[in-house]
Amino acid sequence: EKGGYDYFMLKEIAEQPRAVADTLLGRIDPSGSLTLDEVRISPSELREIDKVVIVACGTAFHAGLIAKYAIEHWTRIPCEVELASEFRYRDPILDGRSLVIAISQSGETMDTLMALRHAREQGSKVLAICNTNGSTIPRESDAVLYTHAGPEVAVASTKAFLTQLVACYLVALYLGQVRGTKWGDEIQAVIKDLSRISEEVERVLETMEPVRALARTLAAKNTVLFLGRHVGYPVALEGALKLKELAYMHAEGFAAGELKHGPIALIEEDVPVVVVVPSPRGRSVIHDKIVSNIQEIRARGARTIVIAEEGDEAVVPYADHLIRIPATPTLLQPLVATVPLQVFACELATARGNEVDQPRNLAKSVTVE
Ligand code: F6R
């Protein structure tokens with residue numbers, strides 16, 4: 001049942017190209033426009049939306065953080081992202097013009113369910129992004145967009161995360177489409193890039209052996225830090241979460257711009273720091289800033305593990321270890337940048353003798369608040 005892999009997690013990591021393709025399947029028609037027929041909130045209702053609020057927990061929350069960049073950029077609708085467990089307790093401002101998106105692999109997470117119930121009580125429409133057909137969260141939502149990752153058995157979420165991202169991009173593009181956002185050309189280009197992304201994920205998977213070898217050399221470390229910027233920041237958070245839950249190591253993700261506001265004090269001799277580098281094309285300002293962050297931490301002794309696009313030569317002098325990912329548009333980069341972090345955490349867990357599929361103290365679906 002593990003299809004020849006030692007762990008479900010490895011199998012599920014390997015299934016990601018297929019999972020991503022399946023989530024896209026049938027949702028982009030040949031002319032390049034989007035059909036989301038499971039969205040039962042009418043286009044006229046979607047045109048009235050004045051705010052999007054995403055609620056989720058854990059890895060799904062990280063997908064939501066990335067979605068915010070895409071939704072605001074492509075639709076110009078303000079978007080908030082909140083941990084589902086915090087949401088209803090602070091009396092959030094919601095009404096009939098708010099669209100609440102609940103992201104959940106299992107569809108049974110109690111925190112997320114309670115958040116969506118609260119949103120519906122305030123008269124908001126709720127759209128679920130979910131991987132489990134007929135589960136509670138989609139049943140209680142106004143609309144659902146299923147991710148087609150297939151069953152995810154390993155406790156640590158991998159393929160569900162990538163497909164949640166794809167679903168979020170589809171929702172963002174769809175909102176842009178029904179609201180007639182003006183730069184249709186950019187949207188068409190993104191749709192094209194999305195339809196190629198499964199092959200890019202496959203290419204990343206083919207180059208993971210050095211990442212495994214690197215992970216094994218770090219098995220005795222106590223701490224690993226992760227830095228990112230823009231959509232790379234939630235990717236850093238996700239890399240840290242995977243390492244905590246699987247390797248039981250202290251791991252933290254930071255926004256690279258925050259380094260100088262405190263975290264840089266943590267940098268000491270030989271501490272591994274994983275840096276997710278944005279594309280040098282497009283938003284080159286943040287790229288240059290990250291390169292100087294890498295320089296700074298390396299000067300303070302950090303062991304730099306740099307995840308950067310193919311062809312990005314600026315990082316080479318400062319990378320103790322360089323992990324290459326294919327060039328992708330900035331907003332889509334998390335789909336390729338997350339994969340090495342999953343492999344890294346899985347291999348570290350194995351090297352430390354941990355139970356990969358069933359980490360201590362954790363359950364696959366958390367049905368209590
Ligand atoms: C991390 C992980 C958890 C879940 C979280 C939400 O690898 O699996 O953080 O992402 O418990 O679960 P769902 O998506 O089922 O609501």
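Is R90 buried, partly exposed or exposed, and what is its relative accessibility? In this predicted model, R90 has a relative accessibility of 41% and counts as partly exposed. The exercises below start from this residue.

**Exercise 1. Find the partner of R90 in a salt bridge, and say which parts of the chain the pair ties together.**

Solution. Begin with the distance: the closest N and O atoms of R90 and E80 are 3.9 Å apart, and the cut-off for a salt bridge is 4 Å, so the pair qualifies. Next, place the two residues, for R90 lies in the loop between α5 (84-87) and β3 (98-104), while E80 belongs to strand β2 (residues 79-83), so the bridge ties together parts that are 10 residues apart in sequence. Then look at the partner's surroundings, where E80 turns out to be partly exposed with a relative accessible area of 32%. Finally, widen the view, since R90 and E80 are linked with K51 and E82 in a network of salt bridges.

**Exercise 2. Locate the residue that meets R88 in a salt bridge, and state how many residues apart the two are.**

Solution. The side chain of R88 meets that of E369, with 2.8 Å from N to O. This pair links distant parts of the chain, because R88 sits in the loop between α5 and β3 and E369 in the segment after α13 (334-351), which places them 281 residues apart. As for its accessibility, R88 counts as partly exposed at 27%.

**Exercise 3. Describe the salt bridge between D22 and R18, and explain how the two residues are placed in their helix.**

Solution. First take the distance, which is 2.6 Å between the closest N and O atoms of D22 and R18. Now turn to the helix: both residues belong to α2 (residues 16-24), and because they are four residues apart there, about one helical turn separates them. To finish, compare each value with the classes of accessibility, by which D22 counts as partly exposed at 25% and R18 is partly exposed at 36%. For the structure as a whole, the count comes to 25 salt bridges.

**Exercise 4. Determine how many disulfides the model has, and explain why C168 does not form one.**

Solution. The count of disulfides is zero. For C168, the closest cysteine sulfur is that of C79, and because the separation is 8.9 Å, the two are too far apart for a bond, given a cut-off of 2.5 Å. Accessibility completes the answer: C168 is buried, with a relative accessible area of 4%, and C346 likewise counts as buried, at 1%.

Technical notes:
Residues are numbered from 1 along each chain as its sequence is written. This is a predicted model: local features need pLDDT of at least 70, side-chain atom pairs count only at pLDDT 80 or more; totals for chains, interfaces and linings use all residues. Side-chain values use heavy atoms; hydrogens and water are left out. Buried means under 20% relative accessible area, exposed over 50%, partly exposed in between (1.4 Å probe, protein chains only).
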